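Work through the exercises below with the sequence and the coordinates at hand. Each task is followed by a solution in steps.

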Amino acid sequence: MKGRAGSACAAAVLAVVVAAAGCSSGGDDDGGKGGGGGQKAAAKLAITPATGTKQVAPDQPVTVKADKGKLTEVTVADAKGRKAEGALAPDGLSWKSRWTLRPSTTYTVTAKGTDDGKTVTATSTFTTLTPRKKLESGMAPLDGEKVGVGMPVQLLLTQPVSTKAGRAAVERSLEVRMSKPVEGAWHWISDKEVDFRPREYWPTGSKVQVVAHLAGVKAGNGLYGVKDRTLNFSVGAKHYTKINAKTHRATVKDGDKTVRTMKVSLGKPGDDSYTGVMIAQEKVAHMVMDSSTTGNPGDYRTPTDWNVRTTYSGTFVHSAPWSTGSQGSANVSHGCVNASPTDAKWFYDFTQRGDIIEVTGTTRKLRFGNGPTPWAISWDGWLKGSALGAPVMGQPLK
């Protein structure tokens, strides 16, 4: 293909001739072969892609190589001054870009080196290809949000990424930085979502930054990422609520301290609540619970207050003044966790998104994927969902 051939051209070798510092030998008839009478060979800097190259694949690395001496500085920048990261090799003879490049962009490479005390320079200007399909993204939690210790990072994609190679390329572009570095891993929830969770819960008080270097990532045939994305969030206190369907009690802890015990009523037989470790997914102060959203139109349509969602399918902890007589003694709900108006309001105010809410004592098991459910499977099970198949150690926050 024409575009690929252009990007695969041999690197242009740009040489700068450095005059020899010594004088001519002045009389030795050796054709300049001895006595230091000849000029010293110039250092050469080779840049790939070569200058003038079009349709460069954005995932092709930029490289600079010196045949001798040392590289001292390499800059790769587009017309807006945005620079590509890269690193020099320990021997100083080569440089390579770290991340992929932006599509549809012209870059200029400026390389400097030294050779026997003299400065050598080289430049190259090239343009990356325009993708046939564009991959864009969104992330959760919200930028700047304070979340609970169980909150995963969700990377949501606009196009499906179904191949292992494409998923691996996406994962390699994702950088997780932490003020308190811990081990974690990415897991593909679907072709359009990949989530990150730590091996254990996030350390309280952590600050986390996720950088998705997606611009230029080849995620499929003709499919490239077009924009990088950065997310910053912090981790609040460890809130852990245990809800027992058999004792009809909810015990709420802040760290190691129990701060409230609430009488509750869970799902009645046939409408059992889910057993499993969930998180607080969202909070809605006032809403209408409508059975048509769960496939049972006409069963109920009820206004509710102080709703804390725990599943996509519609499970909430919420105020239920109509069932206070059963709270603490019987399970009578349609699957939600009913609490008194006072307890529900307190729980709503106390809860952060990402707080852990664990339900026990029912026969209905939480299904993985029914909302952000990173704690519904084991660590080994979570690792199996990574295209790279390996954990990630968080990098120190810059």
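The exercises go from the whole chain to helices, cores, salt bridges and single residues.

The model is predicted, so local features are taken only at pLDDT of at least 70 and side-chain atom pairs only at pLDDT 80 or more, while totals for chains, interfaces and linings use all residues. Residues are numbered from 1 along each chain as its sequence is written, and side-chain values use heavy atoms, with hydrogens and water left out.

**Exercise 1. The whole chain**

Task: State how many helices and strands the protein has, and what share of its residues is buried.

Solution. Step 1: assign secondary structure from DSSP runs, taking helices as H or I over at least four residues and strands as E over at least two, numbered from the N terminus. This gives 4 helices and 31 strands.
Step 2: class residues by relative accessible area, with buried under 20%, exposed over 50% and partly exposed in between (1.4 Å probe, protein chains only). Of the 398 residues, 46% are buried.
Step 3: compute the accessible surface by the Shrake-Rupley method with a 1.4 Å probe, where only the protein chains shown count as cover for residues. The surface comes to about 19100 Å², and carbon and sulfur atoms account for 51% of that.
Step 4: count contacts, meaning heavy atoms within 4.5 Å. Of the contacts between residues at least 6 apart in sequence, 67% join residues at least 24 apart.

**Exercise 2. Two helices**

Task: List the buried residues of α3 and of α2, and find what covers those of α2.

Solution. Step 1: in helix α3 (residues 341-350), the buried residues are Asp343, Ala344, Phe347, Tyr348 and Phe350. They lie on the same side of α3, because they cover an arc of only 165° around the axis; the arc is taken over the directions from the helix axis to the C-beta atoms.
Step 2: in α2, the buried residues are Gly166, Arg167, Ala168, Ala169, Val170 and Glu171.
Step 3: the cover over these α2 residues includes β12 (153-157), β13, β14 and β17 (218-220).

**Exercise 3. Nonpolar cores**

Task: Find the largest nonpolar core and the elements that each supply at least two of its residues.

Solution. Step 1: join buried Ala, Val, Leu, Ile, Met, Phe, Trp, Tyr and Cys residues through side-chain atoms within 4.5 Å; each joined set is a nonpolar core.
Step 2: the largest such core holds 36 residues, and those with the most contacts inside it are Val153, Leu155, Val170, Trp186, Trp202, Val210 and Phe233.
Step 3: at least two residues each come from β12, α2, β13, β14, β15, β16 (207-212), β19 (229-235) and β23 (274-279).
Step 4: another core, of 22 residues, lies apart from this one and has Met262, Val264, Leu266 and Phe347 among its members.

**Exercise 4. Salt bridges**

Task: Locate the partners of the Arg98–Glu175, Asp191–Arg167 and Lys345–Asp349 salt bridges.

Solution. Step 1: search for a side-chain nitrogen of Lys or Arg within 4 Å of a carboxyl oxygen of Asp or Glu. The whole structure yields 12 salt bridges.
Step 2: Arg98 and Glu175 pair at 3.8 Å, N to O. Arg98 is in the loop between β6 (94-97) and β7 (106-115) and Glu175 in strand β13 (residues 174-178), 77 residues apart. Arg98 is partly exposed at 49% relative accessible area, whereas Glu175 is buried at 7%.
Step 3: Asp191 and Arg167 pair at 2.5 Å, N to O. Asp191 is in the loop between β14 (183-190) and β15 (193-198) and Arg167 in helix α2 (residues 164-172), so the bridge ties together parts 24 residues apart in sequence. Asp191 is partly exposed at 32%; Arg167 is buried at 19%.
Step 4: Lys345 and Asp349 pair at 2.6 Å, N to O. Both lie in helix α3, 4 residues apart, about one turn of the helix. Lys345 is partly exposed at 30%, as is Asp349 at 47%.
Step 5: through shared partners, salt bridges join Glu85, Arg98, Glu175 and Arg177 into one network.

**Exercise 5. Two residues of β8**

Task: Is Val120 buried or exposed, and which residues does Thr127 touch?

Solution. Step 1: Val120 belongs to strand β8 (residues 118-127) and is buried, at 2% relative accessible area. Its C-alpha atom is 9.7 Å from that of Thr72, 48 residues apart along the chain.
Step 2: Thr127 is also in strand β8 and counts as buried at 19%. Leaving out residues up to four places away in sequence, Thr127 touches Thr53, Lys54, Gln55, Val56, Thr105 and Thr106.
Step 3: the side chains of Thr127 and Thr106 make a polar contact at 2.9 Å. Such a contact is a pair of N or O atoms within 3.5 Å; within protein, one must be able to donate a hydrogen and the other to accept it, and residues adjacent in sequence count only if both atoms are side-chain atoms.
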